[in-house]
Amino acid sequence: MYYFYKNEFVHKQDIQISPDDRGYYFGDGIYEVFRVYNGQIYEGAAHIQRLERTASEVRLQLPYSNEEIIDIINRLIQGNNLVEGTVYMQITRGEAPRAHPFPTQAEPIVLAYCTEVKRPLTTIQNGIQAITQPDIRWLRCDLKTLNLLPNVLAKQTALDHGVQEVILHREGTVTECSASNLMIIKDDVLYTHPANHLILHGITRAVVLRLAHALHIQVKEEPFTTNQLLQADEVFITGTTVEITSILRIDGQVIGTGTPGPTTQRLKAEFEKTFLQ
Ligand code: PLP
């Protein structure tokens, strides 16, 4: 596998990372995860747009144009013969002695590499279980920054409880999950938290909402409570690697019939058509 680091394609063992990289001291950086199906970047333009927005909101100057970023990703895909997997890209604010203010000299540092990851077909087909937890993150969850400690803690809490995902809520209002967005179906209506500062504006979320409109499923982007969550007919998560995965049990309580629901199955079938050849 070869990587991209500081303007060069290099082998992983040849990368030397400075302890002064602000990514280490402050989590002062941003990232994106691109999905690759059949050797092609999936929804590349949407990911780049989100990267640009996050960069601008945290006042970090992207060192490359959109075309150059796409070119780096494509060269990683081709150079590593990647057919199915992900490309991770992070940009930190650069290297400088530890001090909070933006450094005046530092150049942003780009790290990118690809990983072979197969579609998680077992969980996509069979669903997963989740627990609910308070959402203790900051108030800019719409930004894809390196500060993921609350997400890491939430995910580990799920694993400690023997389930796969955590559903986060702010004083009873469901936001999203530790690494995915959440949708519920109740009486044939799809509900999901509005794309504001409290959730990441998922690329998969946007694709699924487009598909729901095309299937004439009524969509309400409005907040709902943990009680409504538990009373839902169907619950599922969306994300670049999890795609559309049903949640069948929450805090030990069975959701709906306890099997992936019919509306979720329709959306999954349509979703697959967007990348399967
Ligand atoms: N919400 C959070 C907190 C995430 O970390 C992610 C993805 O990693 C998502 C939602 C889903 O976003 P996307 O569909 O763009 O992968």
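Helices here are DSSP runs of H or I with at least four residues, numbered from the N terminus. With that numbering, helix 6 gives the most to the shell around the ligand, with 3 residues. The model on display is predicted, and the tour below begins at the ligand.

**The ligand shell**

Select the ligand and the residues around it. The shell comprises 14 residues, and the closest are Leu200, Gly202, Ile203, Thr204 and Thr240. Next, highlight residues 203-214 and 234-239: these are helix 6 and strand 13, each of which supplies at least two residues of the shell. Colouring the shell by class shows 4 nonpolar, 8 polar and 2 charged residues.

From the C-terminal end of helix 6, continue to histidine 216, which is placed in the loop between helix 6 and strand 12 (218-220). Its phi is positive, near 60°, and the residue is not a glycine. Is histidine 216 buried or exposed? Histidine 216 counts as exposed, because it has 6 C-beta neighbours inside 10 Å.

**The two domains**

Now colour residues 2-116 and 121-273 separately. The domain assignment gives the former as domain 1 and the latter as domain 2. Their centres, taken over C-alpha atoms, are separated by 27 Å. Across the boundary, 17 residues of domain 1 are in contact with 11 residues of domain 2. Which elements of domain 1 supply at least two residues each to the side that touches domain 2? They are strand 3, helix 2 and strand 5. Strand 3 gives the most to this side, with 6 residues. By class, the side of domain 1 that touches domain 2 has 5 nonpolar, 7 polar and 5 charged residues.

**Helix 2**

Select residues 44-57, which form helix 2. The 14 residues of this helix reach 20 Å from first C-alpha to last, close to the 20 Å expected at 1.5 Å a residue. Display the side chains of Gly44, His47, Ile48, Arg50, Leu51 and Thr54, which are buried. Viewed down the axis of helix 2, the buried residues fall within an arc of 160°, so they line one face of the helix. On the other side, Ala45 and Ser56 are exposed. The buried residues of helix 2 pack against strand 3, strand 4, helix 3 and helix 6. After helix 2 comes arginine 59, with a positive phi near 60°.

**Helix 3**

Move on to residues 66-79. Helix 3 has 14 residues and should span 20 Å at 1.5 Å a residue; its end C-alpha atoms are 20 Å apart, which agrees. Ile69, Ile73 and Leu76 are buried in this helix. Seen down the axis of helix 3, the buried residues fall within an arc of 60°, so they line one face. As a general rule, an α-helix has 3.6 residues a turn, so residues three or four places apart point the same way. Rotate the view to the face turned away from the buried side of helix 3, where the exposed residues Glu67, Glu68, Asp71 and Gln78 are found.

To see the surroundings of the buried face, add strand 1 (2-5), strand 3 (29-37), strand 4 (40-42), helix 2, strand 5 (85-92) and strand 6 (109-116), against which the buried residues of helix 3 pack. Just after helix 3, asparagine 81 takes a positive phi of about 50°.

**Lysine 6**

The final stop is lysine 6, in the loop between strand 1 and strand 2 (8-11). Lysine 6 is not a glycine, yet has a positive phi of about 50°. It counts as partly exposed because 15 C-beta neighbours lie inside 10 Å.

Technical notes
Residues are numbered from 1 along each chain as its sequence is written. This is a predicted model: local features need pLDDT of at least 70, side-chain atom pairs count only at pLDDT 80 or more; totals for chains, interfaces and linings use all residues. The expected span of a helix is 1.5 Å times one less than its number of residues. A residue is buried if 20 or more other C-beta atoms lie within 10 Å of its own, exposed if 12 or fewer, and partly exposed in between; C-beta atoms are placed from the backbone. The arc is that of the directions from the helix axis to the C-beta atoms. Two residues are in contact if their C-beta atoms, placed from the backbone, lie within 7 Å. Domain bounds come from an automatic or database domain assignment. Ala, Val, Leu, Ile, Met, Phe, Trp, Tyr, Cys and Pro count as nonpolar, Asp, Glu, Lys and Arg as charged, and the others, Gly among them, as polar. A residue is near a molecule or strand if its C-beta atom, placed from the backbone, lies within 6 Å of it.
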